[in-house]
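Trainee: Could you take one small part of this protein and walk me through it closely, then show me how the rest is put together around it? I'd like to follow along on the screen.

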Amino acid sequence: MIKSRRYLGKVLIVLDDVDCPKKLRFFADSPDWFGGGSIIILTTRNKHCLNVNKAYSSYEAKGLAKSKALELFSWNAFKQHHPIENYVDLCNRVLHHAKGLPLALVVLGSSLFQRDEEYWESTLDRLKTIPLDDIQKVFQVSYNGLDDRCKKVFLDIVCFFKDCGEKIVTKILEGCRFHPKTELNELDEKCLISILDGFIRMHDSLQEMGWAIVREKYPKNPGKWSRLWEYEDIESVLTTNMGTENIEGMFLNMSNTAEPIKLHVEAFKNMNRLRLLKVGPYMVRLSQDFELPSRELTYLEWSGYNLESMPSNFHAYNLVELHLRFSRVRRLWEGNMDARMLKILYLSHSEQMVDISSISSAPKLEFLLLEGCK
């Protein structure tokens, strides 16, 4: 597209976090596409991206000089440009592990804000066990300082809610019996997330750390992870019935290459703590005797759900949001079912829907969408 326009003006183009050469070829395959004096700047963690054109030169970003690193760390640890008395030596020891990396300085500094010297020493003891080149483990020191509820919310964001709207995520987390305003504020203060323009943002390095935490205990057995987000892992777990009660969340998003997964009747049988489930359009084919037994299910989004109602052993007691767009449901469920927590119900374009009397069991229902239903 850019090449076809032959833009000959003088331009400045900045491409942040380019992860594959294809993206650079699309935007700026050759300097000849632009007028003389044009500048193209890109950041990447993949040096192979720079091999698109020999005319491009590279520069490896260096860590901050010690004085600048100390200043950035101090602004986060003390809210001033220099360390307070008695903390200078402690600061220098932290800088040794941060290696001048701005994100590490911000995260570690924020986690040590208003902490006493004993807490600093404890943090440094943990940092001593981490190889200097393993920056993700440095970030994990800050994660380890969170309480259990904040850790759960952090991992939910890592696996499912990065770049999502704060209001939407808050509703879902409230349904999971968290106090998201408290947890999100804590994560923001620790610089593990940022909330900008109503959206939850997170640095890629922190997301990668979170993924590593989820995989840590059972790196080759996704059925024992707490959260699943990659198509290959979800397919493996569901088609081999390897799911366990460890699994709390599963988001199966659309994939251009993925084939629909054919589920065994008992694919979800052992997932008794499943609380978050999202299935992209037509990603799964269900048999009539399909089972979904978790009593903890809080958020369920299943686009293209192909059965006439929810399974007979379905529990809606803790369900806060139910999304069944483009489904084949004729009714939500057979008989009466306690859905006292249900607040949001999307049934748009479910053209075979003939009975919505089930909503009488949802006294807290706030939003019902029936667009495209006959």
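Mentor: Sure, let's begin with one serine: the side chain of S294 reaches the backbone nitrogen of E296 at 3.2 Å. Keep in mind that this is a predicted model. S294 sits in the loop between β9 (284–285) and β10 (299–302). Is S294 buried or exposed? With a relative accessible area of 3%, S294 falls under the 20% cut-off, so it counts as buried. If you skip residues up to four places away in sequence, S294 touches M271, N272, R273, L274 and H315.

Now on to the sheet. Seven strands, listed as 7 in the count, make an open sheet with parallel pairing, and the order is β5-β6-β8-β10-β11-β12-β13. At the edges stand β5 (227–228) and β13 (367–369); each has a single partner strand, so one side of each is left without a neighbour in the sheet. Look at one pairing inside: strand β6 (residues 249–252) and strand β8 (residues 276–279) run parallel and are joined over 4 bridges. Within that pairing, L252 has V279 of β8 as its bridge partner.

Two helices are worth clicking on here. Helix α9 (residues 166–175) lies across β8, β10, β11 (321–323) and β12 (344–346), and it runs at about 115° to β11. Helix α12 (residues 231–239) lies across β5 and β6, at about 115° to β6.

Next, the nonpolar side chains. The largest nonpolar core has 98 residues, and F73, W120, F268, L277, L300, W302 and F314 are those with the most contacts inside it. Helix α8 (residues 148–161) gives the largest share of this core, 9 residues. There's also a second, separate core of 6 residues, which includes V11, I13, L15 and F34. Back in the largest core, pick L277: leaving out residues up to four places away in sequence, L277 touches M250, F251, F268, L292, L297, Y299, L300, E301 and W302.

While you have helix α8 up, find C159, which is in that helix. C159 is buried, at 10% relative accessible area. Its contacts, apart from neighbours within four places in sequence, are W211, V214, R227 and W229. C159 and W229 are 70 residues apart along the chain, yet their C-alpha atoms are separated by 6.2 Å.

Last stop, the rings. Searching the whole structure turns up 16 aromatic pairs. In one of them, F78 and Y87, the ring centres are 5.8 Å apart and the planes stand at 75°, so the pair is edge-to-face. F78 is buried at 13% relative accessible area, and Y87 is buried too, at 10%. Together with F73 and W120, F78 and Y87 form one aromatic cluster. F73 and W120 are names you've met already, among the residues with the most contacts inside the largest core.

Compare that with Y346 and F367, where the centres are 5.4 Å apart and the planes are at 40°, so this pair is tilted. Y346 lies in strand β12 and F367 in strand β13, so the pair ties together parts that are 21 residues apart in sequence. Y346 counts as buried at 19% relative accessibility, whereas F367 is partly exposed at 39%. And F367's strand, β13, is one you've seen at an edge of the sheet.

Technical notes
Residues numbered from 1 in each chain as written. Predicted model: local features only at pLDDT ≥ 70, side-chain atom pairs only at ≥ 80, totals over all residues. Heavy atoms only, no water. Buried < 20%, exposed > 50% of the residue type's maximum accessible area, 1.4 Å probe, protein only. Polar contact = N/O pair within 3.5 Å; in protein donor to acceptor, adjacent residues only side chain to side chain. Contact = heavy atoms within 4.5 Å. Core = buried A, V, L, I, M, F, W, Y, C linked by side-chain atoms within 4.5 Å. Pairing = 2+ DSSP bridges. Axes fitted to C-alpha atoms, helices over the stretch in contact; angles between N-to-C directions. Phe/Tyr/Trp six-rings, centres within 6.5 Å; stacked < 30°, edge-to-face > 60°.
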